[in-house]
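The following exercises ask the reader to work through one protein model, taking each result from the sequence and the coordinates. Each task is followed by a solution in steps.

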Amino acid sequence: MRKHYLIEVVQNDQLIVFCPPTVIQDRQIKRIAFGSKSMEVEFLPHPDKDDRIVISRKIQEAIQFPHFKVPLHAFVENEILYIGPLVGIFTAGFTSFPQQPMGERTLFFSKLLSVNKTVGALPFVFGEQHINWEQGTIEGYFFHNEGWQIVEVPLPNVIYDRLPNRKSEGNPKLIKVRDRLQKEYLIPWYNPGFFNKLDIYERLQQDAAVTNYLPETYPFTSFSDIETMLSKYGHVYLKPKNGSLGLGVHQVIYDKHTDDYYCRYQDNQGVNRLRKYSSLERLFQSVFAHQTVETMLVQQGIHLLRNEQRAIDFRVHTNKDDQGKWHVTAIAAKIAGSGSVTTHARSGGDIKTISEIFPAEKCELYTERLSNAALLLSTALDANVEGIIGEIGFDLGIDRNGDVWLFEANSKPGRSIFSHPELKEFDYLTRKLSIAFAVFLTEQSLLHPEVLFK
């Protein structure tokens, strides 16, 4: 495990840094760096402390180090001692309210930043409007002593993308900022972008290790394709390619005994509907009259495990740690609401732990199968999707035969499962690792930049 060091600031103007002898060893170190700022200083071994690095007030001001008394990592490369990492969390939607600077997402960010002491990093939140390009600094929002403080700091070692939606992701101004920070300043940028369902499916199709988890999926082209899949599976799902939160999902069911078609969906008022039609054409004319079906995909229906006649699927979170290794960090069962096409809470769904709905033996079996699938899928996405991925939220299903199926992968997974009291510790673990991964990226950017910026 890497060691953390307290950064102590003493009130003098000497350009001397006192370091634990283990940090200095026999190395020539000539500069100290924090984020994008560095300066030449003299290094001396600390006479009696091996848990801290001591800098003067003058050094602190020069490298713009905020004195929050958070233990940090120390990396030595090219005769430079880097203290940090300084982690910028990039988002949009700031408000003018000091207590709620990110609006309704303020609580999430305060909890995310509160892992700093255990991780050994200094995270802050910022938007494009907070960057001073001429000075190479950012007015960062830090959460310290239960409150928000705005502190000017250098450009960070790494950036964690927490843009709130696809609209902000596609904003040309924000795209320009991201490209500039990545290409001009070579700052690693992780978890960029929202996944497109069809794109993810097609990429995973190329990886033989995970194809058995993929339900048959096609872009909508014609009624005949749907008829073919209905005759094969009995029911199919129509989903928006770029949807989220279960919005716009429709289940189409064919009853071969009566030759009737059914459509289960949620209407514009949030009411779960089940409608019957004599033909597929009539179903589409009625349900999809005001929708562009060309932007949807068709997916094979799966006969899922059920709890009290309600379908179950599973949310599985995976995160990379400070060594760049994938872990399963949370698993929860989501039970569909009465008459709902999805298991989302907004449609009346319930969140349970696996142990609440399955006996011990089944619980162990399903946990293992879901975990194995999630880790294989994480590795496959990592290899087949551009950009640096540090966390994924999977929606997985288990059918009546016990086989696991992937319904969706989310690059910015929602956190509704953590409202369950028994999942609080996993809420903390997912937040902790999403920042801890920045430690790994910082080290990689110093030691192996050619790998990150190839």
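A residue counts as buried when its relative accessible area is under 20%, as exposed when over 50%, and as partly exposed in between. The model examined here is predicted.

**Exercise 1. Classify Q444 as buried or exposed, and state its location and contacts.**

Step 1. Q444 belongs to helix α12.

Step 2. The relative accessible area of Q444 is 16%, so the residue is buried, given that the cut-off for burial is under 20%.

Step 3. With neighbours within four places in sequence set aside, Q444 contacts P449 and L452.

**Exercise 2. Determine the strand order of the open four-stranded sheet and identify its edges.**

Step 1. The order of the four strands is β4-β3-β8-β7, and the pairing is mixed.

Step 2. The edge strands are β4 (37-40) and β7 (73-77); each has a single partner strand, so one side of each lacks a neighbour in the sheet.

Step 3. From one strand to the next, the twist averages 20°.

**Exercise 3. Describe how β8 pairs with β3 and with β7.**

Step 1. Strand β3 (residues 31-34) and strand β8 (residues 80-84) run parallel and are joined by four bridges.

Step 2. Two positions show the register of this pairing: R31 is opposite I80, and A33 is opposite Y82.

Step 3. On the β7 side, the strands run antiparallel, with five bridges between β7 and β8. Within β8, I83 is the bridge partner of A74.

Step 4. The hairpin of β7 and β8 has two residues between the strands, and N78 there adopts a positive phi near 55°.

**Exercise 4. Which residues of β8 are buried on each of its faces, and which helix lies across β7 and β8?**

Step 1. In a regular strand, side chains alternate between the two faces of the sheet.

Step 2. On one side of β8, the buried residues are I80, Y82 and G84; on the other side they are L81 and I83. Both faces of the strand are therefore covered.

Step 3. The count for the strand is five buried residues of five.

Step 4. Helix α12 (residues 424-447) lies across β7 and β8 and runs at about 10° to β7. This helix also contains Q444, the residue treated in Exercise 1.

**Exercise 5. Characterise the environment of L44.**

Step 1. L44 lies in strand β5 (residues 42-45).

Step 2. A relative accessible area of 29% makes L44 partly exposed, since that class falls between the limits of 20% and 50%.

Step 3. Residues up to four places away in sequence not being counted, L44 touches I16, V17, F18, C19 and I24.

Step 4. One of these contacts, C19, is 25 residues from L44 in sequence, and the C-alpha to C-alpha distance between the two is 6.2 Å.

**Exercise 6. Describe the packing of helices α8 and α9.**

Step 1. Two packed helices are described by the angle between their axes and the distance between the axes.

Step 2. Helix α8 (residues 223-233) and helix α9 (residues 280-287) pack at about 115°, and their axes are 11 Å apart. The crossing of α8 and α9 is right-handed.

Step 3. From α8, the contact involves F223, I226, E227 and L230; from α9, it involves L280, E281 and F284.

Step 4. Sorted by class, this contact comprises five nonpolar residues, two charged residues and no polar ones.

**Exercise 7. How many aromatic pairs does the whole structure contain, and how are the rings of Y160 and Y190 arranged?**

Step 1. A search of the whole structure gives 18 aromatic pairs.

Step 2. The pair of Y160 and Y190 is stacked, at 4.8 Å centre to centre and 5° between the planes.

Step 3. Y160 is in strand β14 (residues 158-161) and Y190 is in strand β15 (residues 189-190), so the pair ties together parts 30 residues apart in sequence.

Step 4. Y160 is buried, at 1% relative accessibility, and Y190 is likewise buried, at 1%.

Step 5. A further pair is formed by F284 and F288: the ring centres are 4.7 Å apart and the planes are at 25°, so this pair is stacked. F284 is buried at 6% relative accessible area, and F288 is buried at 4% relative accessibility. F284 also takes part in the contact of α8 with α9.

Step 6. Ring pairs also link F68, F90, F124, F126, F142 and W189 into a cluster.

Notes:
Residues numbered from 1 in each chain as written. Predicted model: local features only at pLDDT ≥ 70, side-chain atom pairs only at ≥ 80, totals over all residues. Heavy atoms only, no water. Axes fitted to C-alpha atoms, helices over the stretch in contact; angles between N-to-C directions. Left-handed = near helix turned anticlockwise from the far one by under 90°. Contact = heavy atoms within 4.5 Å. Nonpolar A, V, L, I, M, F, W, Y, C, P; charged D, E, K, R; others polar. Buried < 20%, exposed > 50% of the residue type's maximum accessible area, 1.4 Å probe, protein only. Pairing = 2+ DSSP bridges. Phe/Tyr/Trp six-rings, centres within 6.5 Å; stacked < 30°, edge-to-face > 60°.
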